[in-house]
Amino acid sequence: MKILLKEKFLIMILVLALIPLLTVSLLSYFSARGALMESIKNYNEVLVHGMAIAIEDTVLNYEKTLEAVGDNISYFNTIEEKKAFILKIKEKYSYNINFLAVLDDSGKEIIRSDNNLLEDRSEKLEFLQVKKKGVYVGWLSYNSVVDMPTIVISIPFKEKDGSQRELVAEVFFSDVWNKVLSGFTSAKDNIYFLTKEGKPVAKILATTEDFRSEDLSEVANNLASEESTSFEEVDTKIGKLLSIAEHVPSLDWELVVFRPTSEIYKPTLILGQRAIIIIAITLIFIFFATIALSKLIIEPIRKLDEGVEIIGKGNLDYKVDIKTGDEIEQLAKEFNQMTGDLKKSRVALEDANVSLEKKVEERTEELQKRLEELEKFQRLTVGRELKMVELKKQIKRTESL
């Protein structure tokens, strides 16, 4: 298969342009993708860290509220006055607090905000831990229907007489969990809040079934015991998910967020698509630029080739007209000069041929005349010889007489 010079030139330019273009584009893409991936990782770590802080802040606000309640309780003298005050607090926070209770220094309830029997909490963590840490926040119960628990918050306070008391509040975790819902989550996230032992505190599942998976609970449980932020991709039944685990030290719980990698890394896909578009546009530009450039170079060569063919057929009057202002134009001028010289040589040769033919003709005529003269001379000579022979015969006959 014959490949024309134009096609060779086009292929050469495309190859020479394509190799560096693809190299630079791929290096730029992977470099930008790496930076973007790192940025996405940092963003999600900060986001989950913000969730944990929001939850901690909400719990701390409850602690401060309970401290204020405990300080106010100490101003009342009788049990009835203290209970009346607690009931007002419970009514004020009816959507947030399940009930309030006051414990004596032995851990027994002396006041409750409901009508249930007073309990002995002396063996429970909300009493025991306060003596060690000064405050206690813990998981109490989990409602699997609404995926939300009740947590218990316990703080110490002193009465006027110096006796030690504790204020215990059972708080609906929904108020704390709303801090996660507001501004931190998307409809495709799966969020788990667990104790270090893996007990569920709360969870929010993706709004669509396509982004839910049963094996996420097991993965979250495995991450619950970690006390540092982890960031890794996990394979699940619904595909790859990005898990971000954040430890909440004040509660000693773990917040685990699962996000679809396809959603998180969508900006990198967009980056790749844009890189492909840029490469395609650049290649199209190079293609047409190469065609235009090839016309500037190949077209004069084509004209020169056409001139060679015409002159080769004998038309020495043909002139190659190329105006490029470069070496090709100079070559065309020299080619035309060569053709002119060839024409002059041809004319001179034709003139020489005519002169030679004329000389040959004149020489032929001269030789013809000489030949005729020789033939005439020969005829005269032969006649004289015949006459001499006849004369000799007559002399012999005369002598014989």
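**Exercise 1. The overall make-up**

Task: State how many helices and strands the protein chain has, and what share of its residues is buried.

Solution. This is a predicted model. Its protein chain has 8 helices and 10 strands. The chain counts 401 residues, and buried ones make up 35% of them. Now take the contacts with a separation of 6 or more. Residues 24 or more positions apart account for 54% of these.

**Exercise 2. Helix H2**

Task: Compare the expected span of helix H2 with the distance between its end C-alpha atoms.

Solution. Step one: helix H2 runs over residues 79–92, which is 14 residues. Step two: the rise is 1.5 Å a residue, and the span is 1.5 Å times one less than the number of residues. That gives an expected 20 Å. Step three: the end C-alpha atoms of H2 are 20 Å apart, so the two values agree.

Task: Decide where the buried residues of H2 sit around its axis.

Solution. List them: Lys82, Phe85, Ile86, Ile89 and Lys90 are buried. These residues cover an arc of only 140° around the axis, so they are on the same side of H2. Then look at the face turned away from the buried side. Glu80, Lys88 and Glu91 are the exposed residues there.

**Exercise 3. Helix H5**

Task: Find the buried face of helix H5 and name the strands it packs against.

Solution. Helix H5 spans residues 216–224. Its buried residues are Leu216, Val219, Ala220, Leu223 and Ala224. Seen down the axis, they fall within an arc of 145°, so they line one face of H5. Glu218 and Asn222 are exposed, on the face turned away from the buried side. The partners of the buried residues are four strands: E6 (190–195), E8 (230–236), E9 (239–248) and E10 (253–260).

**Exercise 4. Serine 243**

Task: Is serine 243 buried or exposed, and which residues does it contact?

Solution. Serine 243 lies in strand E9. Its relative accessible area is 0%, so serine 243 is buried. Next, leave aside the neighbours within four places in sequence. Serine 243 then contacts Leu223, Ser230, Phe231, Glu232, Val234, Val257 and Phe258. Leu223 is one of the buried residues of H5.

**Exercise 5. Aromatic pairs**

Task: Classify two of the 3 aromatic pairs.

Solution. The inputs are the centre distance and the angle between the planes. Planes under 30 degrees apart count as stacked, over 60 as edge-to-face and the rest as tilted.

- Phenylalanine 76 and phenylalanine 85: the centres are 5.2 Å apart and the planes are at 35°, so the pair is tilted. Phenylalanine 76 is partly exposed, at 28% relative accessible area. Phenylalanine 85 is buried, at 16%.
- Phenylalanine 193 and tryptophan 253: the centres are 5.5 Å apart and the planes are at 85°, so the pair is edge-to-face. Phenylalanine 193 belongs to strand E6 and tryptophan 253 to strand E10, so this pair ties together parts 60 residues apart in sequence. Both residues are buried.

Task: Identify the charge that sits over the ring of phenylalanine 99.

Solution. The charged end of arginine 112 does, 4.2 Å from the ring centre.

**Exercise 6. Salt bridges**

Task: Trace the salt bridges of arginine 121 with glutamate 126 and glutamate 170.

Solution. The model holds 12 salt bridges. Start with glutamate 126: its side chain meets that of arginine 121 at 2.4 Å, N to O. Glutamate 126 has 5% relative accessibility, so it counts as buried. Arginine 121 is buried as well, at 1%.

Go on to glutamate 170. Its salt bridge with arginine 121 is 3.8 Å, N to O. Arginine 121 is in the loop between strand E2 (109–112) and helix H3 (125–133), while glutamate 170 is in strand E5 (164–172). The two are 49 residues apart, so the bridge links distant parts of the chain. Both are buried.

Widen the view. A network of salt bridges links Glu109, Arg112, Asp114, Glu119, Arg121, Lys124, Glu126 and Glu170.

Task: Locate the partners in the salt bridge between aspartate 189 and arginine 259.

Solution. The closest N and O atoms of the pair are 2.9 Å apart. Aspartate 189 is in the loop between helix H4 (173–181) and E6, and arginine 259 is in strand E10. They are 70 residues apart. Both residues are buried.

Note on methods:
Residues numbered from 1 in each chain as written. Predicted model: local features only at pLDDT ≥ 70, side-chain atom pairs only at ≥ 80, totals over all residues. Heavy atoms only, no water. Buried < 20%, exposed > 50% of the residue type's maximum accessible area, 1.4 Å probe, protein only. Arc of directions from axis to C-beta. Contact = heavy atoms within 4.5 Å. Phe/Tyr/Trp six-rings, centres within 6.5 Å; stacked < 30°, edge-to-face > 60°. Lys NZ or Arg CZ within 6 Å of the ring centre and 35° of its normal. Salt bridge = Lys/Arg side-chain N within 4 Å of Asp/Glu carboxyl O.
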